[in-house]
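Here's a quick briefing to read with the model open beside you. Grab your viewer and follow along.

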Amino acid sequence: MHPHHIRTLLAILLSAIASLPESRGAELIDDHVDVTFRYLTGTGVWEGFYNWGGTENNPTNETPFDLGALPARDRPDLPPLPPPDNGPDPDAGERFVQPPVSSFDFTGVPDGNPIWIYSQSDLGYTWPGMRSDQPSSGTFKIRTTGDSRAPSSQRWIKASLESVTYAGQSSNPHFSAWQIQSGSPVVWMSTFENGIDSTDCYYFTELSHTHLSWGFSALGIYRVSMRASAVLDSNSQTVQSDPFDVTFVIGTYANWIAQHYSGPALVDDTMSGPMSDSDEDNVTLLEEYAFNLLPKVPDRKELVPVTGTSGLPYPSVHPSGGSDRLHLEFLVRKTANNPQIVYTVQFNDTLDPGNWQDGGTIVSTNSIDDTWERVVVADPTSVSASTSGRRFARVVITLLDSITY
């Protein structure tokens, strides 16, 4: 084939790849949603899914666990732990403060530190409960559990905690679940207390719908794996499901990742970790997040100055006081949205990795929308004053474990 034809074909192929729609991420269910288990008596198979919208037995409102995720916001102005029946508050988030009382030590969060909670009561955003959605009543046997937290005889279903997989910046993440009863927490699950053992479970009854609080010690993504089991009324046989993974995404960064990835990929560092590059365009996932690029479409490009809304930092040289200075224009996620990242502009006379210096003067800041602004930073050192007659600039993105307000 003629070289010209080869180049033309490659250009067509690259253009086609760049124009492919981005593959689907998780469905973020910010609604009244139930973690639902259903046992099919005809096949002996357990199903697990999110049932949302406050409806029952409606297949259009059922999302498989691996195709959905439960989002939580990170807001700075919340009180200590939410009481039951606090009432909806659309302006609140899911970030609270660990109270200085020993009855809440099971969360693993130091007193006064932030804790993220999907509350037992409806606070007007993601409100997850537990549901048993059987085809008919009387499937499971009336029995006692031997667990003081579930003392009566009921047609019990047991959800056992199997594992918790975390993706985020915390070195000590913990998950817990509890209910407030008579003013005190009844702890159902806690990874902080003795790791995970047989006591980490939750009992709810056949055809029931119930709520509990789900607590998390850090921003990030959690895949909470639970296994359902019950005793059949017909033959007293215990029937047990495979583990089901329920995904919680906490904070702006985790929510953004879940918009582009779903299922196991959410906690696979090679797919959705900060330094990953699943679209192979030589831009890390963290940089894609920081500069409004797409993580699964090869769209590497520089920001168009003055008008651009996505792209990598744009360098330019400007005269200033009789000498030229390097300017760097780049996108910034607004701090009001708690993006969990810090932008640091650095300058250097050379590309020596040890000589980068933080600094620069903000020349302008222009708002784009509620999420983004465009910033121009000027080099404090002129090109002529540099030791090499050249200047280099970069923006370093730091992903934080948490935000200090």
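Start with Leu 286: leaving out residues up to four places away in sequence, it touches Tyr 253, Pro 274, Met 275, Ile 341, Ile 397 and Leu 399. Keep in mind that this is a predicted model. Leu 286 sits in helix H4, which covers residues 285-290.

**Around Leu 286**
- Leu 286 counts as buried because its relative accessibility is 4%.
- One of its contacts, Ile 341, is 55 residues away along the chain, yet the two C-alpha atoms are separated by 9.0 Å.

**Nonpolar cores**
- The largest nonpolar core has 45 residues, and Phe 37, Trp 46, Met 130, Trp 214, Phe 216 and Met 226 are the ones that touch the most other members.
- Apart from that one there's another core of 36 residues, including Leu 266, Leu 328, Val 395 and Leu 399.
- Trp 214 has a long contact list once residues up to four places away are set aside; among them are Val 35, Trp 116, Tyr 118, Met 130, Phe 175, Trp 178, Met 226 and Phe 248.

**Strand S15 and its partners**
- How many of the residues of S15 are buried? Twelve of the twelve are, so the rest of the structure largely encloses this strand.
- In a regular strand, side chains alternate between the two faces of the sheet.
- On one side of S15 you'll find Gly 220, Tyr 222, Val 224, Met 226, Ala 228 and Ala 230, and on the other Ile 221, Arg 223, Ser 225, Arg 227, Ser 229 and Val 231, all of them buried.
- S15 pairs antiparallel with strand S9 (residues 156-167) over ten bridges, and Ile 157 has Ala 230 as its bridge partner there.
- Strand S17 (residues 244-250) also runs antiparallel to S15, joined by seven bridges, with Ser 225 standing opposite Asp 245.
- A further antiparallel pairing, over three bridges, is with strand S16 (residues 238-240), where Val 231 is partnered by Thr 238.
- S15 and S16 make a hairpin with six residues between the strands, and Ser 236 takes a positive phi near 60° in it.

**Arg 227, a charged residue inside S15**
- Arg 227 has its place in S15, which spans residues 220-231.
- Is Arg 227 buried or exposed? With 19% relative accessibility it counts as buried, because the cut-off for buried is under 20%.
- Its side chain makes a polar contact of 3.5 Å with the side chain of Glu 162.
- Beyond its neighbours within four places in sequence, Arg 227 is also in contact with residues including Lys 158, Ala 159, Ser 160, Gln 240, Ser 241, Asp 242 and Pro 243.

**Salt bridges**
- Side chains of opposite charge can pair when their charged atoms come close.
- Searching the whole structure turns up 13 salt bridges.
- Asp 66 and Arg 223 form one of them through their side chains, at 2.9 Å from N to O. That pair links distant parts of the chain, 157 residues apart: Asp 66 is in the loop between strand S4 (62-64) and strand S5 (68-72), while Arg 223 is in S15.
- Asp 66 is partly exposed at 35% relative accessibility, whereas Arg 223 is buried at 4%.
- Arg 73 and Glu 94 meet in a salt bridge of 3.1 Å, N to O. Both lie in the loop between S5 and strand S6 (95-97), so the bridge ties together parts that are 21 residues apart in sequence.
- Arg 73 is buried at 13% relative accessibility, and Glu 94 is buried too, at 3%.
- Arg 391 bridges to Asp 349, with the closest N and O atoms 2.5 Å apart. Arg 391 is in the loop between strand S23 (372-378) and strand S24 (392-399), and Asp 349 in the loop between strand S20 (341-348) and strand S21 (357-358), so parts 42 residues apart get tied together.
- Arg 391 is buried at 16%, and Asp 349 is buried at 14%.
- Arg 38, Glu 47, Glu 62 and Asp 133 are joined into one network by salt bridges that share partners.

**A five-strand sheet**
- An open sheet of five strands runs S6-S7-S14-S10-S11, with antiparallel pairing.
- S6 and strand S11 (184-190) are the edges, each pairing on one side only.
- On average, neighbouring strands in this sheet are turned by 35° against each other, ignoring direction.
- Strand S10 (residues 175-181) is joined to S11 by six bridges, with Gln 181 opposite Ser 184.

Key. Residues numbered from 1 in each chain as written. Predicted model: local features only at pLDDT ≥ 70, side-chain atom pairs only at ≥ 80, totals over all residues. Heavy atoms only, no water. Core = buried A, V, L, I, M, F, W, Y, C linked by side-chain atoms within 4.5 Å. Buried < 20%, exposed > 50% of the residue type's maximum accessible area, 1.4 Å probe, protein only. Contact = heavy atoms within 4.5 Å. Helix = DSSP H or I, 4+ residues; strand = E, 2+ residues; numbered from the N terminus. Polar contact = N/O pair within 3.5 Å; in protein donor to acceptor, adjacent residues only side chain to side chain. Salt bridge = Lys/Arg side-chain N within 4 Å of Asp/Glu carboxyl O. Pairing = 2+ DSSP bridges. Axes fitted to C-alpha atoms, helices over the stretch in contact; angles between N-to-C directions.
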